[in-house]
Amino acid sequence: MEEAVEKFSVFKTLQAIEQCQVAVLMLDASEGVTDQDATVLGAVLDAGKALVIAINKWDGRTDYERQQAETLVSRKLSFVEWAENVRISALHGSGLRELFRAIHRAHASATKVFS
């Protein structure tokens with residue numbers, strides 16, 4: 001049963017990536033970049049979508065843990081340094097205004113028409 005749920009989840013994720021204009025990759029600040037995160041990121045890049053990285057559970061980290069998370073994300077995602085990183089707390093709603101601003105900036109940048 002779990003395997004079927006996971007396959008369905010992967011299918012729906014890939015479908016959503018194909019249909020979106022801006023993908024938001026949500027990372028857990030306490031976990032860093034997981035293999036599943038890397039797989040989703042690869043699909044976003046393969047699809048050529050605009051990207052914003054949301055680092056969730058930021059409010060529950062100490063200064064040291066935040067520094068460690070920043071270093072880890074920076075190192076593991078150096079190949080997408082062009083993507084804007086936003087720190088959020090989905091539980092408390094903090095950082096969501098900045099997240100939506102980053103999404104709008106990514107969309108404007110990806111759809112810019114050059115003469």
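Is Asp-28 buried or exposed? Asp-28 is buried, with a relative accessible area of 15%, where buried stands for under 20% relative accessible area, exposed for over 50%, and partly exposed for what lies in between, as found with a 1.4 Å probe on protein chains only. The structure is a predicted model, in which local features need pLDDT of at least 70 and side-chain atom pairs count only at pLDDT 80 or more, while totals for chains, interfaces and linings use all residues. Residues are numbered from 1 along each chain as its sequence is written, and side-chain values use heavy atoms, with hydrogens and water left out.

Asp-28 is a good place to begin. This residue is found in strand 1, strands being DSSP runs of E with at least two residues and helices runs of H or I with at least four, both numbered from the N terminus. If neighbours within four places in sequence are set aside, Asp-28 is in contact with Asn-56 and Lys-57, contact meaning heavy atoms within 4.5 Å. With Lys-57, the side chain of Asp-28 also forms a salt bridge, at 2.9 Å from N to O; the term stands for a side-chain nitrogen of Lys or Arg within 4 Å of a carboxyl oxygen of Asp or Glu. Because Asp-28 lies in strand 1 (residues 22–28) and Lys-57 in the loop between strand 2 (50–56) and helix 3 (63–76), the pair ties together parts that are 29 residues apart in sequence.

Lys-57 itself deserves a second look. Whereas Asp-28 is buried, Lys-57 counts as partly exposed, at 41% relative accessibility. Although Lys-57 is not a glycine, it has a positive phi of about 65°.

In the loop between strand 2 and helix 3 the reader also finds Trp-58, which counts as buried at 12% relative accessibility. Leaving aside neighbours within four places in sequence, Trp-58 is in contact with Ala-29, Arg-66, Ala-69, Glu-70, Arg-87 and Ile-88. One of these, Arg-87, lies over the face of Trp-58, at 5.5 Å from the ring centre; a charge is said to sit over a ring if NZ of Lys or CZ of Arg is within 6 Å of the ring centre and within 35 degrees of the ring normal. The C-alpha atoms of Trp-58 and Ser-94 are separated by 9.2 Å, with their positions 36 residues apart along the chain.

Arg-87 and Glu-70, which both touch Trp-58, are also joined to one another by a salt bridge whose closest N and O atoms are 2.6 Å apart. This pair links distant parts of the chain, with Arg-87 in strand 3 (residues 84–87) and Glu-70 in helix 3, 17 residues apart. Both partners are partly exposed, Arg-87 at 27% relative accessibility and Glu-70 with a relative accessible area of 29%.

Strand 3 takes part in another such link. The side chains of Glu-84 and Arg-105 meet in a salt bridge of 2.5 Å from N to O, and the pair joins distant parts of the chain, Glu-84 being in strand 3 and Arg-105 in helix 4 (residues 96–110), 21 residues apart. Glu-84 counts as partly exposed at 28% relative accessibility, and Arg-105 is partly exposed with a relative accessible area of 41%. Together with Glu-98, these two residues are linked in a network of salt bridges. By the rule used here, the count comes to four salt bridges.

Val-86 is likewise placed in strand 3, but this residue counts as buried, at 4% relative accessibility. Apart from neighbours within four places in sequence, Val-86 is in contact with Val-52, Ile-53, Ala-54, Ile-55, Gly-95, Glu-98, Leu-99 and Ala-102. Glu-98, named above in the salt-bridge network, is thus among the contacts of Val-86.

The surface offers another feature. Leu-45, Phe-79 and Trp-82 form a nonpolar patch there, with about 330 Å² of accessible area together, the area coming from the Shrake-Rupley method with a 1.4 Å probe, and for residues only the protein chains shown count as cover. Patches are made of residues with over 30% relative accessible area and no salt bridge, like charges being joined within 9 Å and nonpolar side chains (Val, Leu, Ile, Met, Phe, Trp, Tyr) within 5 Å. Trp-82 lies in the loop between helix 3 and strand 3 and counts as exposed, at 52% relative accessibility, whereas Trp-58 is buried.
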